[in-house]
Amino acid sequence: MSGTNSESDPIGLLVDMLVEDILQTSDEDLLKEIKERGDDPKAIADRMRALFGKAELAQGRRRLMAAREAVNADAQRRAAQSTRDPVAARTRLNTIMQRFPNATAKLTMAARKGNGMSDGDVLSLLADLEELGITDEGSE
């Protein structure tokens, strides 16, 4: 089925084969087999829905944790940037604008010229450009 298990993993291979067998079995055959065992199809369906719900919830939690980690990492990065030297930041911004005139052509006039921008604006613009992969690395 998935091709992830090899002959060196016999249990994984068995699981793949069982899953493949279940997926290839028709609904009617599954219902017949469940009833022959004396099980309640509705109860089994309810249990499976509950399992899927738990799996979906767990996946959602993992995604939420990953998002939180990304937000925290971004906050730490921005906090580190806020402690940068404003003069050095303006120099970096000027270097980037000279190296990438096409990338900076869409900036506002104030941003292109660097006039009237606060230190925070300069640092924020540098952070945005870095996120886009536009840096002054390699300019020295």
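# A tour of a seven-helix chain

The protein chain has seven helices and zero strands; both are DSSP runs numbered from the N terminus, a helix being H or I over at least four residues and a strand E over at least two. This is a predicted model, in which local features need pLDDT of at least 70 and side-chain atom pairs count only at pLDDT 80 or more, while totals for chains, interfaces and linings use all residues. Residues are numbered from 1 along each chain as its sequence is written, and side-chain values use heavy atoms, with hydrogens and water left out.

Start with the whole chain. From the N terminus on, its elements run α-α-α-α-α-α-α. Of its 140 residues, 16% are buried. Here buried means under 20% relative accessible area, exposed means over 50%, and partly exposed lies in between, with a 1.4 Å probe and protein chains only.

**Stop 1: helix 2 and what follows**

Select residues 27-36, which are helix 2. The number of buried residues among its ten is one, so helix 2 lies largely in the open. Now select Gly38, just after helix 2: Gly38 takes a positive phi of about 85 degrees.

Next show the side chains of Arg37 and Asp39, which meet in a salt bridge of 2.6 Å, N to O. A salt bridge is a side-chain nitrogen of Lys or Arg within 4 Å of a carboxyl oxygen of Asp or Glu. Arg37 is exposed at 54% relative accessibility, and Asp39 is partly exposed at 31%. The whole structure has five salt bridges.

**Stop 2: helix 3**

Select residues 41-82, which are helix 3. Show Lys42 and Asp46, whose side chains form a salt bridge of 3.0 Å, N to O. How far apart are Lys42 and Asp46 in helix 3? They are four residues apart, which means a separation of about one helical turn. An α-helix has 3.6 residues a turn, so residues three or four places apart point the same way. Lys42 is exposed at 55% relative accessibility, whereas Asp46 is partly exposed at 36%. Add Arg49 to the selection: Lys42, Asp46 and Arg49 are linked in a network of salt bridges.

**Stop 3: the largest pocket**

Select Ile22, Leu30, Ile34, Ile44 and Met48, the closest to the centre of the largest pocket among the 16 residues that line it. The space in this pocket is about 520 Å³. On a 1 Å grid over the protein atoms alone, a pocket is an open set of points with protein on both sides within 12 Å along at least five of seven lines, and lining residues have an atom within 4 Å of a point. Which element gives the most to the lining? Helix 3 does, with six residues. Helix 1 (10-24) and helix 2 also give two or more residues each. The lining divides into ten nonpolar, one polar and five charged residues.

Keep Met48 selected. Met48 is partly exposed, with a relative accessible area of 36%.

**Stop 4: helix 4 and helix 7**

Select Arg92 and Glu130, whose side chains meet in a salt bridge of 2.7 Å, N to O. Arg92 lies in helix 4 (residues 86-99) and Glu130 in helix 7 (residues 119-131), so the pair ties together parts that are 38 residues apart in sequence. Is Arg92 buried or exposed? Arg92 is buried, with a relative accessible area of 18%. Glu130 is partly exposed at 23%.

Technical notes
1 Å grid on protein atoms, 1.4 Å probe; cavity = no way out; pocket = protein on both sides within 12 Å on 5 of 7 lines; lining within 4 Å. Points joined across faces, edges and corners; volume = space filled by probe spheres on them. Nonpolar A, V, L, I, M, F, W, Y, C, P; charged D, E, K, R; others polar.
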